[in-house]
Structure formats: C-alpha cells, structure tokens
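Reader: Could you take me through one part of this model up close, and then show me how the rest fits around it? I'd like a connected story rather than a list.

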Amino acid sequence: MPKSKIRALDGAHAVAEAMRQINPDVVAAYPITPQTAIVQTFSNFVADGLVDTEFVAVESEHAAMSTCIGASTAGGRVMTATASAGLALMWEVVYVAASLHLPIVMPVVNRALSAPLNIHCDHSDSMGTRDAGWIQLYSENPQEAYDNVIQAVRIAERLLLPVMVMQDGFITGHGVERVDVLDDGTVKGFIGEYKPEHSLLDVDNPATYGAWDMYDFYFEHKRQQTDALCKALPAIVEVGEEYGELTGRKYGIFEAYGMDDAEMAIVVLSSSAGTARMVVRGLREKGVKIGLFKPRVFRPFPAKEFAEALADVKAVGVLDRSIVFGAMDGLGPGPLYLELCAALFAAGNTTTRVADYVFGLGGRDIIPAYVEQVAQDLAEIAETGEVKTPVSYLGLRE
Amino acid sequence: MAVNLEAGWREASIAGTIFEAGNSIEYITGTWRTLRPVYDAEACTHCMICWVYCPDSTILVENSKVIGFDYDHCKGCGICAVECPVKVKAHAYTGQPGKVIQMVEETSFE
C-alpha cells in the first residue's frame, strides 16, 4: 500500500486536496454555496504556490466553463467546480464541453435549484444536466468524493469525455469525516501525464474546434458522442480496479449491500445510502431479505448491469432526490426511477415491481424511520405484486 | 485535403474538428443568395470601398481593379450596394439610376 495519511476533512476540503494533488494546468471557477470551500481552499493553494495551476477567477459560471473549454482545447488538464444555480448558468457550455470531447473534470456539490431560494442539498442541479453527455459519478462521503475526483481525471482523459463528480451539499460537503489522503507522489503517478492528441496551441498543426456543423455532419458527431459513452463503463471499472489495487479501495459502477438473496431492494444515490445501509443492516438482523443498491455511476446509465443485479428482486424502492417535473402524467418521479424502470423493461423483466420515493428536496432530512416505511411498503409490494402508489414523497407534510 | 462528405460517423473527424487551415472556401455559400450584386464596370472608379466592406471577401480584384464577385461565396447581403459611393444615371445592366453596384433578383438569372 502506498503512503497515506488519515485526516479529518469535509467533502469540499477533501476535493480541494485532490485538486492540489492533481495540480491541473488551469482551474477556472466561480464560488457558489456549498461548493465555495473547494474553490476558496484551492485558490489558497494557488496563492501559497503549492500548485502550478493558472487559476482564472471568472465573472460567472458560464465564463468558468467557457474558459475550461478554451484551456482544454489548448491541451491543458483542466478543472472547475460548481453547484446549483452555477451549474444552471453553465448550461449551454456544459453541452459544448461534452460535444467537443474535452476531458474536463468538475466536482459538483449538489444543491437545490431556485425558486424559492434554497442552498441545501438535492440532486436537481446535476440531474438537470444528465442528458448533456457528461459522465456522472455520485459519492456517498468525503472519502468517495476524494477518490472519485482522482479517478475522474483518468476516466476523462482515457475516454475524452468530461466527468462530473457529485457529493451532497452540506451533508457531505461540510460534514467532517475520516479521509485517507494519499501522498502526493502516489496521486501523481496514478493520474500520469496528460498528452492531448491535438492542441489549439500547436501552431504547426492548426485546427479549428467547434466549427459550423450542419445537417450533413452534426448527426454523425452526435453518434460519436454516444459511441464514446458506450465505451465508458468498462473504462470506469478498469480505473476503479486499478485504484483499488493501489489503495485498497476498489470502485465499480455500483455498490450492493445485502443483495445476494434479497427479495427487496432500496436504490439510492450519495449520502442517503449511509442512512439506508443502517436501516437495511437492522432489518437483515431481523431476517428481512432486503438489500441496498447504491449506484456510483449515473451517466452513462448502467442499464444492463442494474437490470441484471435486480433481476431476482421482487420489489424495488427507488429513493430520488429530485423530480422530473411533468413525467408520468405529472406525478413527477425522479430520474433514477425512470431510468431504472426503462432498464428493467428493456431487459424484458416483467416481475420486478418498482416504486419511487421522492425525498430530501431542498435539504429536507431523511431519517431512518422514512427508510423503514419504504421497507414496509416493499414487503407488501413483494407479497401482492402490486404497486398501489408509484410515486410517494418521504417526509412531506400532508 | 477536402472533407469527405460521404464519411460515416466512424470516419468523420471527432467533434467536427478541422485540421486544415482556410478550408471554408470549399463550402459553397453562394446558394443562400436571393439578391445578386451586379456592378457597372464602365462607371466603377475602383475605389475599393466594396472590397473593404464585404464581410465574405467576395469582391474579386486584379491589378488594383475590381473585376467582379465570387458568386460561389457571396451571400447577397447587399452591403457592397449600400456602401458603393459612385452614382450612375443608368446602370449598364439594370438600366436603373442609382449606384454602380445594384442588387438584382437572383431568380432573374438562369
């Protein structure tokens, strides 16, 4: 095992530490709660001369991503970080980064979108960008956020696709936990050197990026993006395995806890998986055949793998921390539910029943009692094979 | 190297990146035109105002003289006709009073 140090860090500082070790060529970022601690801490590293990074203090997130795109086409290793309204303001250029196949890495500290104004956690910001062509990794705790950001560099540069690394605002972002921080040399060795195939600054081989593209080629270029995303899951797994060999912390595309003989499963992203795991552990001790299924990768959505992992489960409760407004007659299930239902249907699964539970919007707490309620519902669904309420809301005042 | 217009998505350059400088000349934009600039060669003073203003570099010049337009790339925006400072009583092509450069309906040409 390489040298490492146990430190007490919140998720934002853990990511800033990873960024210091990655030492990107360019970071262009605008501070926004609850991502602020990342940018603030990293800009301290820049001011203290601990990194070689050209830090661009931009006037907006749209400018942040635009700067990243310029720097990345110039051949640099490039990062930014954002949350909520910042990601929303980036919108146009988030698509451009993916469409130009630029390996930009962007930590996102999940926060609700306005209105009304709210600074706390839900996943509506990153889920809003789920169709933009980025790879999306979700982290449960500061350790995973740190590990995912380091792996994201390798994943992005191998696939030539941008990667977002999510962690829950405040809960993870500002929650101090034990983080095993690798030594600088180990991170440097793991990420290696970035050698771009083409560069805007290569004046001997001039190139034009993002040029005019009409009906005669645009379609082909979109197909190239789907092709790159189709190749992403094996690459993510390989990088996760290599990282595991190096650090003892192996990463795949999902985590299964108590799933081996499970008849019921709770599916949830990020920090709430911790709460769900505790409830599942308690129920397992009582002999209830329930498991926890925590996706790490949401984009590309691992449809085949998830459908296979849940094939023998009778009842699945998906916990969604955002709403797809207008979906399913306006019921507003979350994106995780919709994608999972599509995956099961495409796999020909007609036996697994799925119910969706929207929870935690705007930072509303999820407590073990809510997860226990879901488990009770699932027991009934497993027995009757009927989902009476496809979409419910956990912790909502009626 | 001209762009292979038949290239499938596997052969097409990734994200449409162009690795050849100045290849926009291969892209024929003259078909967008609905009005065609026509100039009166006899009356033209070759002041080069149109050459300065043309946003698509389609004023053809030889030996310091305007010799015509690059109709493969002229989009017919009409800026040359507006900026042309030389007046004629009867334009050699249109017969109309006005400028040395006048805009003519594209459909009137074969």
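Author: Let's settle one term before we start: two residues count as in contact when their C-beta atoms, placed from the backbone, lie within 7 Å. By that rule, the contact between the chains takes 17 residues from chain A and eleven from chain B. On the chain B side that touches chain A, eight of the residues are nonpolar and three are polar, with no charged ones. Keep in mind that this is a predicted model.

Now for the close look, which goes to helix H13 of chain A. H13(A) covers residues 368–384, so to speak a run of 17, and spans 25 Å from its first C-alpha to its last, close to the 24 Å expected at 1.5 Å a residue. Which residues of H13(A) are buried? They are A:Tyr370, A:Val371, A:Val374, A:Ala375, A:Leu378 and A:Ile381. Look down the axis of H13(A) and these buried residues fall within an arc of 145°, so they line one face of the helix. The general rule behind that kind of pattern is that an α-helix has 3.6 residues a turn, so residues three or four places apart point the same way.

What does the buried side of H13(A) pack against? Its partners in chain A are helix H10 (272–285) and the strands E10 (264–268), E11 (290–295), E13 (315–320), E14 (353–359) and E15 (391–394). Turn to the face pointing away from that buried side and you'll find exposed residues: A:Pro368, A:Ala369, A:Gln376, A:Glu380, A:Glu383 and A:Thr384. Right after H13(A) comes A:Gly385, with a positive phi near 75°.

Zooming out, the domain assignment splits chain A into domain 1 (4–247) and domain 2 (254–394). Their C-alpha centres sit 28 Å apart, and 27 residues of domain 1 are in contact with 20 residues of domain 2. On the domain 1 side, the elements giving two or more residues are helix H5 (124–128), strand E6 (135–138), strand E7 (163–168) and helix H9 (232–247) of chain A. E6(A) gives the largest share of that side, four residues. By class, the domain 1 side has 14 nonpolar, nine polar and four charged residues.

E7(A) also leads us to strand E5 of chain A: the two pair in the parallel sense over six bridges, with A:Asn110 opposite A:Asp168 in E7(A). E5(A), residues 105–110, has six of its six residues buried. Both of its faces are covered, with A:Val105, A:Pro107 and A:Val109 on one side and A:Met106, A:Val108 and A:Asn110 on the other.

Technical notes:
Residues are numbered from 1 along each chain as its sequence is written. Chains are lettered from A and ligands numbered from 1 in the order in which they are written. This is a predicted model: local features need pLDDT of at least 70, side-chain atom pairs count only at pLDDT 80 or more; totals for chains, interfaces and linings use all residues. Domain bounds come from an automatic or database domain assignment. Ala, Val, Leu, Ile, Met, Phe, Trp, Tyr, Cys and Pro count as nonpolar, Asp, Glu, Lys and Arg as charged, and the others, Gly among them, as polar. A residue is buried if 20 or more other C-beta atoms lie within 10 Å of its own, exposed if 12 or fewer, and partly exposed in between; C-beta atoms are placed from the backbone. Two strands pair if DSSP finds at least two bridges between them. The arc is that of the directions from the helix axis to the C-beta atoms.
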